[in-house]
Each structure stands twice: as structure tokens, then as C-alpha cells.
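Subject: A structure to look through

Dear colleague,

I am passing on a structure for you to open beside this message, and below it I have set down what was found. Please read the notes slowly and keep the view in front of you as you go.

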Amino acid sequence: ANAEQFDALSGLAGMGREDPKPDVKAKGDLEAHTQKYAFKSDSVIELLKQLRLKFEDELTKTNTEETNSLNAHNLAKAARDDARKAATDARTEKATIKGEAEAAKGTAEGDLGSVQGDLEADTKSLDDTTKAY
């Protein structure tokens, strides 16, 4: 609260008085010397209205920030889940390709062994034929 608001509140609460009973300058004429009551709640009511508005603004701001934070968290979680799924899919695809490549390699090695066996047999046949003639 600012100084003006504090003065209004302290005046209403009776704070700040040094002497609770001031010296009476004239006795007997109570009406002439009695101070009229001044309604002091106007400034307090305005202060309370201002504080209420301030608190409502802060609540709105806090709710907005929390909502934004929650949305950002949900977006980040969705991005992580998508990245994890993409990595899993890529790993599965690579495993499939690797399996196919290993099968092709096994077939090629089998064919190589067969071709090498045929080569040795043909070479021996050629040598035998060459020696005979």
C-alpha cells in the first residue's frame, strides 16, 4: 500500500495518535467543541476495491501462465513421443533390412562355394584333358 492508503487506514484504525485524550480548551459547551464525525471509509473502500482488482489481475495472469506452461509441456511430451516412435520405426526398418541383407549374403556365399567347387572341377578336367592330348 502506498503512503496515502496507509494514512487512510491508520486514520481509520486510530493509529498515529500521540495523546488519546487531547486537552479540552473549553468546558461546558460540548457541541461547540466536539468534532463532527468524518466518514473515513470512502478511501478504505476504494483501497479494498483496488486491492481486489489487483488480486484478480494477478490471479488471471497466474492462471494464464499455468495454462501456457501446461500446453508447452503437453506439446513437448507429444514431440518426445513422436521422436521415440520415429526412432523405434527406424530401428525396426533397419533390422528388417539387415535381416534381408544377411539372408542375401548367405545365399551369395552358398552360390560362391558352389561356383568355386565347379571351378575346381572344371580346372581339374581341363588339366586332365590337356595332359591326355
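A good place to begin is the side chain of Thr130, which has a polar atom 2.7 Å from the backbone oxygen of Leu126. This can be read against the term polar contact, which is a pair of N or O atoms within 3.5 Å, where within protein one atom must be able to donate a hydrogen and the other to accept it, and where residues adjacent in sequence count only if both atoms are side-chain atoms. Thr130 has its place in helix H3, and here helices (H or I, at least four residues) and strands (E, at least two) are DSSP runs, numbered from the N terminus. With a relative accessible area of 54%, Thr130 is exposed; the terms used are buried for under 20% relative accessible area, exposed for over 50%, and partly exposed for what lies in between, with a 1.4 Å probe and protein chains only.

Before going further, please bear in mind that this is a predicted model, in which local features need pLDDT of at least 70 and side-chain atom pairs count only at pLDDT 80 or more, while totals for chains, interfaces and linings use all residues. Residues are numbered from 1 along each chain as its sequence is written, and side-chain values use heavy atoms, with hydrogens and water left out.

Next come the charged side chains. Side chains of opposite charge can pair when their charged atoms come close. The structure holds six salt bridges, a salt bridge being a side-chain nitrogen of Lys or Arg within 4 Å of a carboxyl oxygen of Asp or Glu.

Asp81 takes part in a salt bridge with Lys77, where the closest N and O atoms are 3.4 Å apart, and in another with Arg84, where the closest N and O atoms are 3.5 Å apart. Lys77, Asp81 and Arg84 are thus linked in a network of salt bridges. Both Asp81 and Lys77 lie in helix H3 (residues 41-132), four residues apart, or about one turn of the helix, whereas Asp81 and Arg84 are three residues apart in helix H3 and are separated by about one helical turn. Asp81 is partly exposed at 34%, Lys77 is partly exposed at 40%, and Arg84 is exposed at 54%.

Lys85 and Asp89 also meet in a salt bridge through their side chains, at 3.0 Å from N to O, and they stand four residues apart in helix H3, about one helical turn. Lys85 is exposed at 51% relative accessibility, while Asp89 is partly exposed at 40%.

With best wishes
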